[in-house]
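I am opening a fresh notebook page for this structure. My notes follow the order in which I looked things up.

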Amino acid sequence: MTAETLIEVNDLNFSYDTRAILKGIQMTMPRGKVVAIMGGSGSGKTTLLRLIGGTIQPTSGYVKFAGEVVHELDRDALFKLRRKMGMLFQFGALFTDLSVFDNVAFQMREHTNLPESMIRDLVLMKLHAVGLRGAHHLMPNALSGGMARRVALARSIALDPMLIMYDEPFTGLDPISLSVIGNLIRRLTDALGMTSIVVTHDVQESLKIVDYVYFIADGVIAAEGTPKEVRESVAPFVHQFVHGEEDGPVPFHYPAQTYKKDLNLENSIA
Amino acid sequence: MPKRIVSSIQNIGHRVIESVWRLGVASRFFILVLLKSGTSLRRFNLVIRELYFTGVLSLIIIVVSGLFVGMVLGLQGYETLQKYGSESAVGTLVALSLVRELGPVVAALLFASRAGSAITAEIGLMKATEQLAAMGMMAVDPIARIVAPRFWAGVISMPFLAAIFSVMGVFGGYLVTVVFIGVDEGSYWSQMQSAVDFRFDILNGFIKSCFFGVAVTAIAVFEGFDAPPTAEGVSGATTRTVVTSSLVILGLDFILTAFMFRGVS
């Protein structure tokens with residue numbers, strides 16, 4: 001492990017009851033980089049984020065964040081660790097009873113003793129970074145999907161975390177909002193010296209902004225590489241995923257008995 | 001046939017185990033809420049905000065229902081009592097029915113359907129939209145920050161609402177019997193004053209409403225927190241809050257009454 005590594009995932013296994021979700025995941029994420037985790041729906045990407053955040057416990061293996069094994073921490077230490085992390089949920093998860101301003105100020109008020117005047121300045125700075133300073137007085141229900149996610153982004157950088165995890169940040173956005181969010185992820189990562197993990201299945205948008213990509217399929221890392229390597233990859237799974245092909249290693253048909261048998265044609269004379 | 005019997009017995013067993021298990025989860029949750037109430041007490045403005053939503057906004061329904069319940073009590077009481085020539089005792093009847101039983105019980109039932117369901121739906125939706133998870137990831141405990149203030153606000157507002165309900169009821173009885181029917185005003189109030197005992201009647205009614213407040217809000221916050229994070233899950237939880245708390249209120253009322261008014265003439 002080099003000094004540059006922020007997150008180390010070692011032989012990580014996780015199962016719900018007896019169903020294995022993640023099987024022997026091995027990853028390293030260097031500081032200051034944007035790393036994408038890609039994979040189809042239900043491949044265990046979000047589970048991996050939750051394991052990094054310590055909201056669930058691995059069956060075996062570990063996640064090391066800034067030198068600490070996440071699942072071995074007690075509750076206080078875990079909460080302390082989480083102050084160094086931000087997370088952007090799929091649809092923003094803004095607190096609907098608080099205004100945009102109060103949403104961004106939430107963590108500052110909960111975790112610091114800063115005077116209200118300073119909180120005000122900080123909140124406006126964070127909102128300015130995502131281009132929504134003028135919207136600070138709005139309630140979340142008055143925001144569009146893209147705006148809500150930008151506010152959530154401002155909220156997650158409120159305490160200048162070392163890491164931000166993005167859970168499907170591109171889902172359901174129009175092309176403009178999509179590239180706004182994509183560029184914000186890149187810019188904020190570079191400007192604040194953070195590390196970003198982007199869980200997504202939006203291949204084209206994320207390949208533009210990330211430094212490294214992991215593909216997860218069926219709970220294992222199917223492929224990894226830089227965006228350039230990924231684009232040029234001839235590995236069947238990566239090729240299918242990047243180019244959105246209908247059939248390939250990920251089959252179009254759900255496993256079933258033979259078509260003939262289902263239609264009771266097996267014994268008939270064709 | 002025997003197979004069907006076996007499976008139905010299994011089904012019953014499964015349901016019993018399930019509900020005992022759920023009761024255990026709920027009790028653990030309740031203790032957790034109590035243990036994590038420090039934040040609510042230190043930052044009391046969190047509770048005050050919820051007091052507005054659970055208490056103040058329930059006022060209308062409590063005031064109006066109390067008034068009408070009192071009016072009906074006055075009317076029915078007068079009808080019966082005047083047959084025996086003791087219509088002057090109608091004030092006693094109205095006041096005792098209200099402070100001992102109807103005030104705490106009906107106010108709690110109304111509170112469960114007005115505020116309890118709102119608490120469940122709010123917490124359930126916060127869960128469904130990942131707001132609680134987001135809070136947890138921001139190193140803020142949702143039980144301390146969201147659940148506990150709502151719980152205490154409910155516990156505090158319930159006795160007040162019950163008291164207001166009783167007061168409105170007594171006033172409603174006065175309106176109907178004294179103002180409309182013409183029962184003697186002096187006897188309405190003075191009989192009430194001499195018959196209602198502070199310790200046995202008012203204090204016991206107050207204690208009842210405190211129990212109901214704890215029960216209703218504990219059920220409401222638990223159902224919300226435990227709701228499956230889907231539209232169907234939240235609506236089911238809201239219904240369960242109202243049904244369970246209504247049954248618990250009536251059951252508790254019987255038990256408390258048995259303890260409180262044993263041997264009191």
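**Entry 1: the sheet in chain A**

I began at a strand end and found A:Phe65 opposite A:Glu68 in strand 5 of chain A. I note here that the model is a predicted one. Next I looked up A:Lys64, which stands opposite A:Val69 in strand 5 of chain A. Strand 4 and strand 5 (residues 68–69) of chain A are joined by two bridges and run antiparallel. I then checked the turn. The two strands, 4 and 5 of chain A, make a hairpin with two residues between them. In that turn A:Ala66 has a positive phi of about 50°.

I turned to the other partner of strand 4. Strand 1 (residues 5–16) of chain A runs antiparallel to strand 4 (residues 60–65) of chain A, with five bridges joining them. I picked out A:Glu8, whose bridge partner in strand 4 of chain A is A:Lys64.

How many strands form the open sheet, and in what order? I wrote down four, in the order 2-1-4-5 of chain A, with antiparallel pairing. Strand 2 (19–30) and strand 5 of chain A are the edge strands, and each pairs on one side only. A general reminder to myself: strands of a sheet pair through backbone hydrogen bonds, either parallel or antiparallel.

**Entry 2: the domains of chain A**

I looked up how chain A is divided, and got domain 1 (5–233) and domain 2 (234–270). The C-alpha centres of these two domains of chain A lie 35 Å apart. Their contact takes ten residues from domain 1 of chain A and eight residues from domain 2 of chain A.

Which elements give two or more residues to the domain 1 side? I listed strand 9 (212–217), strand 10 (220–225) and helix 8 (227–232) of chain A. By class, I found seven nonpolar, two polar and one charged residues on that side of domain 1 of chain A.

I also looked at one residue of helix 10 (residues 259–262) of chain A, namely A:Lys260. Is A:Lys260 buried or exposed? A:Lys260 counts as exposed, because 12 other C-beta atoms lie within 10 Å. Leaving aside neighbours within four places in sequence, A:Lys260 is in contact with A:Leu265 and A:Glu266.

**Entry 3: where chain A meets chain B**

I looked up the contact between the chains, which takes 15 residues from chain A and ten residues from chain B. On the chain A side, helix 2 (75–82), strand 6 (85–88) and helix 3 (100–111) of chain A each give two or more residues. Helix 3 of chain A gives the most to this side, with four residues. I sorted the chain A side by class: eight nonpolar, four polar and three charged.

**Entry 4: chain B as a whole**

I counted elements in chain B and found ten helices and zero strands. The C-alpha atoms of chain B fill a box of roughly 65 × 60 × 35 Å along the principal axes. Of the 265 residues in chain B, 45% are buried. I also checked contacts in chain B between residues at least 6 apart in sequence: 87% join residues at least 24 apart.

Helix 1 (residues 2–35) of chain B came next. Its 34 residues reach 49 Å from first C-alpha to last, close to the 50 Å expected. This helix 1 of chain B is hardly covered, with one buried residue among its 34.

I then went to B:Glu185, in helix 8 (residues 185–195) of chain B. B:Glu185 counts as partly exposed because it has 13 C-beta neighbours inside 10 Å. I paired B:Glu185 with B:Ser88, 97 residues apart along the chain, and found their C-alpha atoms separated by 8.7 Å.

**Entry 5: the nonpolar core**

My last search was for the largest nonpolar core, which has 137 residues. B:Ala108, B:Val216 and B:Val221 have the most contacts inside this core. Helix 5 (residues 90–128) of chain B gives the most to the core, with 18 residues. The core also draws at least three residues from each of domain 1 (5–233) and domain 2 (234–270) of chain A.

Which residues does B:Ala108 contact, leaving aside neighbours within four places in sequence? I noted B:Met158, B:Ala162, B:Ser209, B:Phe212, B:Val216 and B:Ile249.

Methods
Residues numbered from 1 in each chain as written. Chains lettered and ligands numbered in written order. Predicted model: local features only at pLDDT ≥ 70, side-chain atom pairs only at ≥ 80, totals over all residues. Core = buried A, V, L, I, M, F, W, Y, C linked by C-beta atoms within 7 Å. Buried ≥ 20, exposed ≤ 12 C-beta atoms within 10 Å, placed from the backbone. Domains from an automatic or database assignment. Contact = placed C-beta atoms within 7 Å. Nonpolar A, V, L, I, M, F, W, Y, C, P; charged D, E, K, R; others polar. Pairing = 2+ DSSP bridges. Expected span 1.5 Å × (residues − 1).
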